[in-house]
Amino acid sequence: MARRNVLITGCSSGIGLALAVKMAKDEQKRFKVFATMRNLAKKEPLEEAAGHRLGKTLEIKQLDVCDEQSIKTCVNSIPDRRIDVLGKYRMLSNAGMGLIGPIECQSIEEMKTVMDTNFFGLVRLLKEILPDMKRRKSGHIVIISSVMGIQGILFNDVYAASKFAVEGFCESLAIQALKFKLQLSLIEPGPVVTEFERKVFEDGMKMDLSAADKETAEMFTNIYLKNYKQIFQSLGQSAEDVAEHTVKIILAENPPFRHQTNTLYTPMTTLKYADPNGDLPIDIFYKMVFQHDKVFSASLNFIKLLRWRSRKSFDLGKPSQ
Ligand SMILES: NC(=O)C1=CN([C@@H]2O[C@H](COP(=O)(O)OP(=O)(O)OC[C@H]3O[C@@H](n4cnc5c(N)ncnc54)[C@H](OP(=O)(O)O)[C@@H]3O)[C@@H](O)[C@H]2O)C=CC1
Ligand SMILES: CC1=C(/C=C/C(C)=C/C=C/C(C)=C/C=O)C(C)(C)CCC1
């Protein structure tokens, strides 16, 4: 089988790094990974994780999704833009950033950066790559979206909007893409323990809340930030876990348009489809946060304990090395 070229964005850490390494280490050597990042000064962790695959099944390249020229230069540097006849061109749009807090305390500039990275970053990539894929009538575009592309969460207004934009854009494009035999897949993780989680939390802690009223500022600090770590500890997945799900989708003969990676989170997203009026998920989130916060917190602790115990029994069951 011809080696399948994969271009991945945002590989300096987290899901992008885990994906690049997993695909480069594929035992059947099915992938040639072009792992990209905006700042090559951050390439060391990826180089280390890739080990001897570096320069063989994995190449590192510069690509900033907010810079059209850098996308063009990167794609042009791939031999023949990899438009070979046997392989299938694959692109993984992963680069992204978060933003939390009351909108009164965020500048329009900050919000635009989130939209520019998470939404227009994908649009720029596709403007460059889609014509090649259409000409070849072959390609699979995999996008790391989020459960927040389906349902908004308290104090994630702009981030959720950026992922909703991604989902709406892809839903529209998927219809046209089908005519060219191209596939699109949205990967929708729940919370994942990566740099994203750390950066978002740190920015939230440092946020100047003086532009918000007292009640909003307290809600953000005493409810959102206070429970943030616990949510990620109880419900969070690892980047490697998300990478495993993503590779399955990449290799699927008939990849689905949407794939959620976290079964602990699906009851929440299912609420959206259960009520055409859209009130159900809002009511449930409201009750969970403002009325049943103790039950909610106890449930999270319980989930954490169950996951810890199942991991422990799995470790005990493993044959000794
Ligand atoms: N962590 C989570 O809970 C979840 C994350 N996601 C999504 O997963 C994706 C990956 O995030 P995750 O791995 O968690 O977080 P990380 O912060 O670990 O990784 C984000 C990556 O995106 C890169 N990036 C940011 N801006 C640009 C840009 N302009 N051009 C190129 N690369 C850029 C970062 O580079 P740099 O190091 O230079 O900043 C980094 O490599 C994102 O799209 C995020 O929205 C979805 C659901 C949950
Ligand atoms: C902290 C917190 C909540 C949930 C936060 C979640 C679930 C965050 C998920 C982040 C993701 C998925 C980011 C990437 O896309 C609730 C439930 C609103 C209650 C109040 C405190």
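How many bridges join strand E6 to strand E9, and in which sense do the two strands run? In this predicted model, E6 and E9 (residues 258-260) run parallel and are joined by 3 bridges. One of the residue pairs to look for here is Leu 186, which stands opposite Arg 258 in E9.

Strand E6 itself covers residues 182-188, and 7 of its 7 residues are buried. The side chains divide between two directions: Leu 182, Leu 184, Leu 186 and Glu 188 point one way, while Gln 183, Ser 185 and Ile 187 point the other way. Both sets are buried, so a reader following the strand will find Glu 188 and Gln 183 covered along with the leucines, by the criterion of 20 or more other C-beta atoms within 10 Å.

E6 also has a partner in strand E5 (residues 139-144), with which it pairs in the parallel sense over 6 bridges. Two residue pairs help to place the register. His 140 has Gln 183 of E6 as its bridge partner, and Ile 144 is matched with Ile 187. The connection between these strands passes through helix H5 (residues 157-179), and E5, H5 and E6 together make a right-handed β-α-β unit.

E5 is a covered strand too. It is largely enclosed by the rest of the structure, because 6 of its 6 residues are buried. Gly 139, Ile 141 and Ile 143 point one way from E5, and His 140, Val 142 and Ile 144 point the other way. Strand E4 (residues 90-93) runs parallel to E5 and is joined to it by 4 bridges; along this pairing, Leu 92 stands opposite Val 142. A further right-handed β-α-β unit is made by E4, H4 and E5.

The loops that lead into E5 and E6 deserve a look as well. Lys 137 lies in the loop between H4 and E5, and Lys 181 is found in the loop between H5 and E6. Most residues other than glycine have a negative phi. Against that background, phi of Lys 137 is positive, near 50°, and phi of Lys 181 is also positive, near 60°. What makes Lys 137 count as exposed? It has 10 C-beta neighbours inside 10 Å, and therefore counts as exposed. Lys 181 is exposed because it has 12 other C-beta atoms within 10 Å, where the cut-off is 12 or fewer.

Attention now turns to helix H7. Its 22 residues (214-235) should span 32 Å at 1.5 Å a residue, and the end C-alpha atoms are 30 Å apart, so the expected and modelled spans agree. A kink of about 40° is nevertheless present in H7, centred on Tyr 228. The helix contains both covered and open positions: Phe 220, Phe 232 and Ser 234 are buried, whereas Asn 222, which also has its place in H7, counts as exposed because it has 10 C-beta neighbours inside 10 Å. Asn 222 is 48 residues from Thr 270 in sequence, and the C-alpha atoms of the two are 28 Å apart in space.

H7 also takes part in the surroundings of ligand 2. Of the elements around this ligand, H7 gives the most to the shell, with 5 residues. The shell holds 13 residues, and the closest are Ser 146, Leu 154, Asn 227, Tyr 228 and Ile 231. Tyr 228, on which the kink in H7 is centred, is thus among the closest residues to ligand 2. By class, the shell around ligand 2 has 10 nonpolar and 3 polar residues, with no charged ones.

The surroundings of ligand 1 can be set beside this. Here 31 residues surround the ligand, and Gly 10, Gly 14, Ala 95, Gly 96 and Phe 196 are the closest. Helices H1 (14-24), H4 (108-136) and H6 (195-206) each supply at least two residues of the shell. Its make-up by class is 13 nonpolar, 13 polar and 5 charged residues. H4 thus appears twice in this account, as a contributor to the shell around ligand 1 and as the helix of the β-α-β unit with E4 and E5.

How values were computed:
Residues numbered from 1 in each chain as written. Chains lettered and ligands numbered in written order. Predicted model: local features only at pLDDT ≥ 70, side-chain atom pairs only at ≥ 80, totals over all residues. Expected span 1.5 Å × (residues − 1). Bend = angle between axes of the 7 residues up to and from the residue. Near = placed C-beta within 6 Å. Nonpolar A, V, L, I, M, F, W, Y, C, P; charged D, E, K, R; others polar. Pairing = 2+ DSSP bridges. Right-handed = clockwise from strand over helix to strand, strands pointing away.
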